[in-house]
Amino acid sequence: MAEYNPERAFLESLAADPSGGYATDSPGQQQPVTSDEDEDYDPSNLMPSTDYPSHLPKSAAGSVSPAPSASVPVSPPADADSPTNQAPSEASEPVTQQRIVGGFVVESSDDEGDLPSVKPRAADAALRVGGRASRSPQRSISSTPSNTLPKTNVHIHSASQDQGGSGAHSTGLSDPAPSLASVVPVAAVSAHENQKSPPVASTPVPEATPAPQAAASSQPQARLPLDRIGILEDRIKEDPRGDMDAWLSLISEYRKRNKFDEVRAVYDRFFKVFPTAAEEWVNYCNMELQNDDFYRVEQIFMKSIQSNHHLQLWSTYLDYVRRRNDLSSDPEGKARAIVQQAFDFVLGNVGIDKDAGNLWQEYLSFIKSAPGSHTSGDWQDLQKMDRMRKAYQRAICIPTQQVQNIWKQYDQFEMGLNKAAGRKFLQEKSAAYMTARSANIKLENITKDLIRTTRPHLPPAPGFDGDVEYLHQVEIWKNWISWEKEDPLVLKEDDPPAFHQRVLYAYKQALMALRFWPEMWYDAAEFCYQNDLVQEGDAFLLDGANANPESSLLAFKRADRIELTHEPEEGEEGVKRRGDAVREPYNKLLDALYDLVKKTKEREERTIARVKEMHAQNAPQDDSADEDDDDEEEGAPKPNAREAALQMQIRAIEAGNNAQTQLLSKIISYAWIGLMRAMRRIQGKGKPNGNVGGFRQIFAEARKKGRVLSEVYVTSALIEYHCYKDPAATKIFERGMKLFPNDENFALEYLKHLIAINDITNARAVFETTVSKLTQKPETVPRAKPIFSFFHEYESQYGELSQITKLEKRMGDLFPEDPQLARFSHRYSSPTFDPTIVRPIISPATQSKPKGMPPMPMPMQQPSAPPMAAPIQMQMPLPPNPMAVPTIEETTPAMNHINQAHSDPSRFQNGQNMNSPRPPPAVAAISNSPKRPFMFDDDDGDAQPRKLQRGESPLKGAAGRRLDAARRNQAQQGGQSHFNVPQAPQPSLPRELTFLLSIIPGAHTYRETRFIPERLVDLIRNTDMDRTGPPPVVGPSPVYNPQYAPPPRVQFPGAPAIPPYPVPGMYPLNNFMSPWAANGPQGFPYQR
């Protein structure tokens, strides 16, 4: 090569040491220091001597195989442990110049840098092509089933090679159901019992040595358009968890060709990725039932039903049991007993499903079909009756769609046996039925838009197609689970196991559809731990981590759970075992993340290669020989424009993949941070390469594995300082500054550390160095603002004023958008004080004047009138009487304009209303009902009535005629009105309240005594109208004042007759006022 490629040098070093630092007996490695002095620890000297533990994959040290060349020998992986390949690591560093390429520091012992770099695409593609050729065989176009002659037993060669085993291997879910062996009868071994797919012998492909011309393309070999199965296999290989359509299409394609062995092989691979896809388990089972392969059907049930609480799957199992046990020819009743056990087994697991109503109906029909009659008195018939009653009582307590029909059947069943006993049983279960019925209505409303599928899909990224719909489904599942946790069936106190079963069932249903949503797994595990269901919680965490190996949430939760529950042991071996147990979730997470980074890079290379290939195919033909010179000059810039468009497209692809890689690097970094903190708690500081490595060993492994950000160095340094006060913290910061010179967050943490240890000189040097680099380019100037802000705060508190002024001038030049007042006030500000906003109160009279309260709307008050001596009868067409009985309902201010129509009709005689030929409409009285608050409609300008009072029904007989005559007389007396505004009657009150209101004096008579409204309302509220007591008593009135005349007596329709007052100040009191006399003066609802 014309110029030196540092990445090629790094790959040469890996070729010289294929073990990648795993071998512990390498002569070139440095042995761990046996001294106990902590000050000898230097993290920069540990890279060559750091060994990997045995749990990491072999490909971790170098995920990219070296390219074949004359100077670099290509060694197969089998010779990695040979002595010739174990060269000292120092010999693998050909240059001493420090360069960071591809996230690796080539010349030094640290290869963890994650700075973006530009590498030659052709050489890198050649390296990756060579690496893949030495690892896995390539598919041949001619070996696909579509390109060969039809055969009877054709297996999926490539699929078995991808999965590393035979196509007919089991899914691993081999735990049998507890009751399955006793429920399913042992049938005769069919011809399909021994028809298992033989293992597919994979033919090894010799290691390919790519030609130099093909080294620039890492795209897999193209397939023919008719090779549908091969295309689907490639789609599955590239995206096994995301491309659900490819899986289903491949299964359908094999079933169309009647290649059932291939279908079984694909199903086995499919259920390794989607073990909870119950719908596909049902399809798989139905395929075997169509082939009458009962042995395979039973094997499917053994693997599926216990881990999938799906109604359709369990119904299929029940149908199979009934198919295999004929009830028509069962004189001994063995088949019926087996079916009965199957029903109990199914209903105990999925009988609480909201769609299980038909299943309960089938169970009731099965019990009714048993021999005997439930109406006779034989013991067998009575047993059938008890069984039916028990089944009915179980079914009506479960909120299903058929709960109402089942209740009707139960009612007919009980009333048909014995009406007296039936009423008793129905009354006992009526409350449970009503609860289940209302719960079913509520649950149907919650799950109205729910899509209950068991084929999970990966959640779309935020802002991309389908993200809103997916989140909506997640919200519906959460609402269902929250509703179950609220205990609408009142089971938490009476039957806690049933309550737990319902909540766990809802979680399991949700996880079938949201298998790739880690938060749901976490919530399910937390619910189990909060309710002492430890085994179920551990199972949720383990299954969730297997379904989402890249989820840091589940890995952290599982590691914390292991750390809390693992019993601490004495000695180094016990500490090591506990550390290994806690490391297991972190190791799986890190392996998955590193593998995802590798796949992201490979996807980027394939995409770029595909784009270049399409660009080359669409290149215009060279017609310059047939054109004149002018045409050639006009067409000259066209290739440049096409090349510019190609480069722009490539840069867009690289930018998108770099963003994904950066996100993965952050997750990887925080996974290492979590592991470091856990090992510090369990093993302490430790010794690198020792039996108990501690958190230092984790830090060394993270640096060697690469793809870590500056946060890993910050965490390690702060642990060294805060936990052990070790000077190695400063060394780690110094090492990090060389690897992350432009990372403002790392520089800020380094500044804080130097100030914490009172190393102000180095702090100023780090500050100047960092801000000088960041302010050289305009696009990186905003990144320096946090550093300036922190150092300005430090200088304001502990520096000289001249330095503060110079620093503020630099900040003003770099950040002119910030006001100068903000920079100045920052000198004296604190989280609780800001000199720019604090203002003392000098004149309370002028500065602390309370704001005027908004005017409160007052209810309309009717004018008072002098007392009337004669009794008055209330009549509907009359205007409101000032002495009328007050009502509980008050008129709101918003209805004043309506009430004025009743109180002052003369206002319609003036102005425009008087000259109008159309009479004003009759306005009905408005009632603000106390049953619910009066709400104003925003769309209306004025308040609209919520409820109109209904007129009083006319009286019949002589009383009605007298009332009608009184109304006509009143109408003649008031005939001078141009119109009559009808008024709704006052609501009728009980006799006692009417009498009480009649003896209360008018408001104008009060001078000293005042009623307390609250206590008066309480008295009316607590009065027992139905209680009969002694005859009325006569006592002194609590509201009478002898210097005023007694109030007039008003006779109301329906009120009891009022006797004359024989003695001034002696009023008749009804029996409901006896509590006042019993309680003494303190019981009177008045005050003076």
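**A.** Asp487 sits in the loop that links helix H16 (467-485) to helix H17 (496-513). The model shown here and in the other views is predicted, with local features needing pLDDT of at least 70 and side-chain atom pairs counting only at pLDDT 80 or more, while totals for chains, interfaces and linings use all residues. Residues are numbered from 1 along each chain as its sequence is written, and side-chain values use heavy atoms, with hydrogens and water left out. Helices (DSSP runs of H or I, at least four residues) and strands (runs of E, at least two) are numbered from the N terminus. Have a look at the backbone: Asp487 is not a glycine, yet its phi is positive, about 60°. Most residues other than glycine have a negative phi. Asp487 has a relative accessible area of 16%, so it counts as buried. Buried stands for under 20% relative accessible area and exposed for over 50%, with partly exposed in between (1.4 Å probe, protein chains only).

**B.** Asp292, in the loop between helix H8 (278-290) and helix H9 (294-304), is another residue to pause at. Its phi is positive as well, about 55°, although Asp292 is not a glycine. With 40% relative accessibility, Asp292 is classed as partly exposed.

**C.** The largest nonpolar core has 69 residues, and Phe274, Leu359, Trp360 and Tyr363 touch the most other members. Helix H11 (residues 334-350) supplies the largest share of this core, eight residues. A nonpolar core here is a set of buried Ala, Val, Leu, Ile, Met, Phe, Trp, Tyr and Cys residues joined through side-chain atoms within 4.5 Å. For a closer look, follow Leu359: beyond its neighbours within four places in sequence, it is in contact (heavy atoms within 4.5 Å) with Leu311, Leu318, Phe343, Val346, Leu347 and Val350. Another core, of 58 residues, lies apart from this one, and Val712, Tyr721, Phe733 and Ile787 are among its members.

**D.** Helix H10 (residues 311-324) packs with H11 at an angle of about 175°, and their axes are 10 Å apart. H10 is therefore roughly antiparallel to H11. On the H10 side, the contact involves Leu311, Trp314, Tyr317, Leu318, Val321 and Arg322. H11 answers with Ile338, Val339, Ala342, Phe343, Phe345, Val346, Asn349 and Val350. By class, the residues of this contact are twelve nonpolar, one polar and one charged. Here Ala, Val, Leu, Ile, Met, Phe, Trp, Tyr, Cys and Pro count as nonpolar, Asp, Glu, Lys and Arg as charged, and the others, Gly among them, as polar. Axes are lines fitted to C-alpha atoms, for helices over the stretch in contact, and angles between N-to-C directions run from 0 to 180 degrees. Angles under 35 degrees count as roughly parallel, over 145 as roughly antiparallel, 65 to 115 as roughly perpendicular and the rest as oblique.

**E.** Helix H12 (residues 357-368) meets helix H14 (residues 403-417) at an angle of about 25°, with 11 Å between their axes. H12 is therefore roughly parallel to H14. From H12 come Trp360, Gln361, Leu364 and Lys368, which meet Asn405, Ile406 and Gln409 of H14. Three nonpolar, three polar and one charged residue make up this contact.

**F.** Asn440 belongs to helix H15 (residues 419-446). Its relative accessibility is 10%, so Asn440 counts as buried. Setting aside neighbours within four places in sequence, Asn440 is in contact with Pro399, Thr400 and Gln401.

**G.** Asp449 lies in the loop between H15 and H16. Its relative accessibility of 46% makes Asp449 partly exposed. Residues up to four places away in sequence aside, Asp449 touches His472, Gln473 and Ile476. Asp449 and His472 are 23 residues apart in sequence, with 9.0 Å from C-alpha to C-alpha.

**H.** Leu739 is part of helix H26 (residues 728-739). At 0% relative accessibility, Leu739 is buried. Ser710 is 29 residues away along the chain, and the C-alpha atoms of the two residues are separated by 8.5 Å.

**I.** Two cysteines, Cys285 and Cys528, close the set. Cys285 is buried at 0% relative accessibility, and Cys528 is likewise buried at 0%. The structure holds zero disulfides (pairs of cysteine sulfur atoms within 2.5 Å).
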